[in-house]
Amino acid sequence: MHMEKIERSDKKEFWKPGNMLYPLPAVMISCAAGARPNIITVAWCATVCSDPAMISISVRKERHSYEIIKQSREFVVNLVNEKLTFAMDNCGVKSGRDIDKFSSLKLTPVKMHTVSCPGIGESPVNIECHVEKMIELGSHTMFIGKVTGVNVDKSLLDEKNSLRLDKAGLVAYLHGGYFGMGKKIGSFGYSVKRKK
Ligand SMILES: Cc1cc2nc3c(=O)[nH]c(=O)nc-3n(C[C@H](O)[C@H](O)[C@H](O)COP(=O)(O)O)c2cc1C
């Protein structure tokens with residue numbers, strides 16, 4: 001294809017820079033430094049490396065959780081299902097400076113294996129992370145966490161012990177809204193698999 005033949009489409013408006021990468025997970029990050037553990041909701045999160053498994057979360061310095069994660073250098077990523085969505089939103093509008101989010105939302109702190117902060121018992125998957133790097137980006141500081149262990153709800157394991165995450169009722173964050181997962185479209189590599 002010759003570049004000079006490509007024309008701009010009038011179907012689209014061009015906007016100034018802004019965040020438009022959606023859908024994203026909105027996760028509940030549990031953390032602790034001292035007696036009272038806290039939970040912060042984070043949508044600016046991503047898988048950033050497979051081996052070692054690594055996750056990034058971006059947190060504003062003003063958040064109560066920022067100092068906690070900076071000091072303790074650990075956090076737990078708790079995946080959010082439909083039942084947890086109200087609590088996820090609430091942890092994203094109230095600060096741990098003012099309230100104990102575990103008790104006010106009747107969430108169960110559960111002991112993890114490799115970090116001292118608790119995970120959220122009601123979450124289907126708790127991912128334990130140790131902070132490897134902090135990167136100042138502007139409004140947010142990115143904490144890059146190395147995954148040190150994953151806790152999965154036994155009810156999501158099938159008879160072959162395979163994880164059925166599609167049965168977890170996970171929720172996506174899309175431009176200000178929370179959505180359930182839609183129908184399955186395909187699976188990894190289906191575009192190149194021979195049809196039976
Ligand atoms: C859906 C959603 C996504 C959010 N994503 C982020 C985020 O990625 N980073 C961040 O710093 N704050 C984010 N927030 C805001 C914090 O969760 C919120 O300020 C919270 O009250 C901070 O709690 P803390 O002061 O106890 O740490 C988000 C809030 C919501 C509702």
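Me: Buried means under 20% relative accessible area, exposed means over 50%, and partly exposed is what lies in between (1.4 Å probe, protein chains only). Why does Lys61 count as partly exposed?

Reply: Lys61 has a relative accessibility of 42%, a value that falls between the two cut-offs, so it counts as partly exposed. This is a predicted model, in which local features need pLDDT of at least 70, side-chain atom pairs count only at pLDDT 80 or more, and totals for chains, interfaces and linings use all residues. Residues are numbered from 1 along each chain as its sequence is written, and side-chain values use heavy atoms, with hydrogens and water left out.

Me: How do you know that the side chains of Lys61 and Glu136 meet in a salt bridge?

Reply: A salt bridge needs a side-chain nitrogen of Lys or Arg within 4 Å of a carboxyl oxygen of Asp or Glu; the N to O distance between Lys61 and Glu136 is 2.8 Å, so the pair qualifies. Lys61 sits in the loop between β5 and α1, while Glu136 belongs to strand β9 (residues 125-136), and the two are 75 residues apart. Here helices (H or I, at least four residues) and strands (E, at least two) are DSSP runs, numbered from the N terminus. Glu136, at 48%, is partly exposed.

Me: What makes Asp166 count as exposed, and what does Arg164 count as?

Reply: Asp166 reaches 56%, which is over the 50% limit, so it counts as exposed, whereas Arg164, at 31%, counts as partly exposed. Their side chains also meet in a salt bridge, with an N to O distance of 2.7 Å, and the structure holds 2 salt bridges.

Me: Why is the pair of Tyr22 and Trp44 called tilted?

Reply: Rings of Phe, Tyr and Trp (its six-membered ring) pair if their centres lie within 6.5 Å, with planes under 30 degrees apart counted as stacked, over 60 as edge-to-face and the rest as tilted. By this rule the count comes to 4 aromatic pairs. For Tyr22 and Trp44 the centres are 6.5 Å apart and the planes stand at 45 degrees, a value that is neither under 30 nor over 60, so the pair is tilted. Tyr22 lies in the segment before β1 (24-25) and Trp44 in the loop between β3 (38-42) and β4 (45-49), 22 residues apart.

Me: What makes the pair of Tyr22 and Tyr173 edge-to-face?

Reply: The centres of these two rings are 6.0 Å apart and their planes make an angle of 75 degrees, which is over 60, so the pair is edge-to-face. Tyr173 is in strand β11 (residues 171-174) and Tyr22 in the segment before β1, so the pair ties together parts that are 151 residues apart in sequence. Ring pairs link Tyr22, Trp44, Tyr173 and Tyr178 into a cluster.

Me: Tyr22 and Tyr173 pair with each other, so why does Tyr173 count as buried, and what does Tyr22 count as?

Reply: Tyr173 has 19% relative accessibility, which is under 20%, so it counts as buried. Tyr22 has 21%, which is not under that limit, so it counts as partly exposed.

Me: How do you know that Lys101 makes a polar contact with the ligand?

Reply: A polar contact is a pair of N or O atoms within 3.5 Å (within protein, one must be able to donate a hydrogen and the other to accept it, and residues adjacent in sequence count only if both atoms are side-chain atoms). An N or O atom in the side chain of Lys101 is 3.0 Å from an oxygen atom of the ligand, so the pair fits. A backbone N or O atom of Arg60 lies 2.9 Å from a ligand oxygen atom.
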